[in-house]
Amino acid sequence: GEEAQRHSRAGSLVPDSLVFEVLAPLLKGGLLNKTHGGGGQGVDLDGGGGGGFILDGFPRTVAQAQRLQELCPVDRVVSIAMPEDMLIRKSVARRVCP
């Protein structure tokens, strides 16, 4: 956690090795499908009661996707596309300067 925070504070991406060091035990142990936070089960995406989870903005590269697939089979991917000018407007509108 602390090392990832150092990278974030410096404005750099957290290295893949560190990301997977944190994610691997969660994925291998099925912890993301069990009770976390609000006391509920994993997200039931298909109504089959199997639970699941959502990774927002991850993986970002093919290498990350391949490593993720090795740890935990991915059965659904959602990609939202929008025009570049709209992305820029949305990004600028939510920017906060201290």
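The lining of the second largest pocket in this predicted model divides into four nonpolar, three polar and three charged residues. The space in that pocket is about 210 Å³. One part of the lining comes from Leu13, Val14, Asp16 and Val19, and the list continues with Asp56, Gly57, Phe58, Arg60, Thr61 and Gln64.

Among the lining residues, Gln64 merits a closer description. Glutamine 64 belongs to helix 3, which spans residues 62–71. Is glutamine 64 buried or exposed? With a relative accessible area of 7%, glutamine 64 is buried, because the cut-off for that class is under 20%. Beyond its neighbours within four places in sequence, glutamine 64 makes contact with Asp16, Phe20, Phe58 and Pro59. Asp16 and Phe58 also appear in the pocket lining.

Two of these contacts of glutamine 64, Phe58 and Pro59, are joined by a peptide bond that is cis, with omega near 5°. Proline 59 is placed in the loop between helix 2 (16–28) and helix 3.

A second proline, proline 15, sits in the loop between helix 1 (2–9) and helix 2. Its relative accessible area is 31%, so proline 15 is classed as partly exposed, the range between 20% and 50%. The C-alpha atom of proline 15 is separated by 8.3 Å from that of alanine 4, and the two residues are 11 residues apart along the chain.

The two residues for which accessibility has been described are set out below.

| Residue | Relative accessible area | Class |
|---|---|---|
| Glutamine 64 | 7% | buried |
| Proline 15 | 31% | partly exposed |

Turning to the whole chain, the fold has four helices and zero strands, and the pattern read along the sequence is α-α-α-α. Of the 98 residues in the protein chain, 13% count as buried. The accessible surface comes to about 7,900 Å², and carbon and sulfur atoms hold 55% of this area. Among contacts in the chain with a separation of 6 or more, 31% are between residues 24 or more positions apart.

Confidence remains to be considered. The protein chain has a mean pLDDT of 77, and 72% of its residues reach 70 or more. Which helix has the highest confidence, and which the lowest? Helix 3 is highest, at a mean of 89, while helix 2 is lowest, at 85. Over residues 35–45, pLDDT stays under 50, and the model has 16 contacts beyond four places in sequence for this stretch.

Technical notes:
Residues are numbered from 1 along each chain as its sequence is written. This is a predicted model: local features need pLDDT of at least 70, side-chain atom pairs count only at pLDDT 80 or more; totals for chains, interfaces and linings use all residues. Side-chain values use heavy atoms; hydrogens and water are left out. On a 1 Å grid over the protein atoms alone, a cavity is a set of points where a 1.4 Å probe fits but cannot get out, and a pocket is an open set with protein on both sides within 12 Å along at least five of seven lines; lining residues have an atom within 4 Å of a point. Grid points are joined across faces, edges and corners, and a volume is the space filled by probe spheres set on the points. Ala, Val, Leu, Ile, Met, Phe, Trp, Tyr, Cys and Pro count as nonpolar, Asp, Glu, Lys and Arg as charged, and the others, Gly among them, as polar. Helices (H or I, at least four residues) and strands (E, at least two) are DSSP runs, numbered from the N terminus. Buried means under 20% relative accessible area, exposed over 50%, partly exposed in between (1.4 Å probe, protein chains only). Contact means heavy atoms within 4.5 Å. Accessible areas come from the Shrake-Rupley method with a 1.4 Å probe; for residues, only the protein chains shown count as cover. pLDDT is the predictor's confidence in each residue, from 0 to 100.
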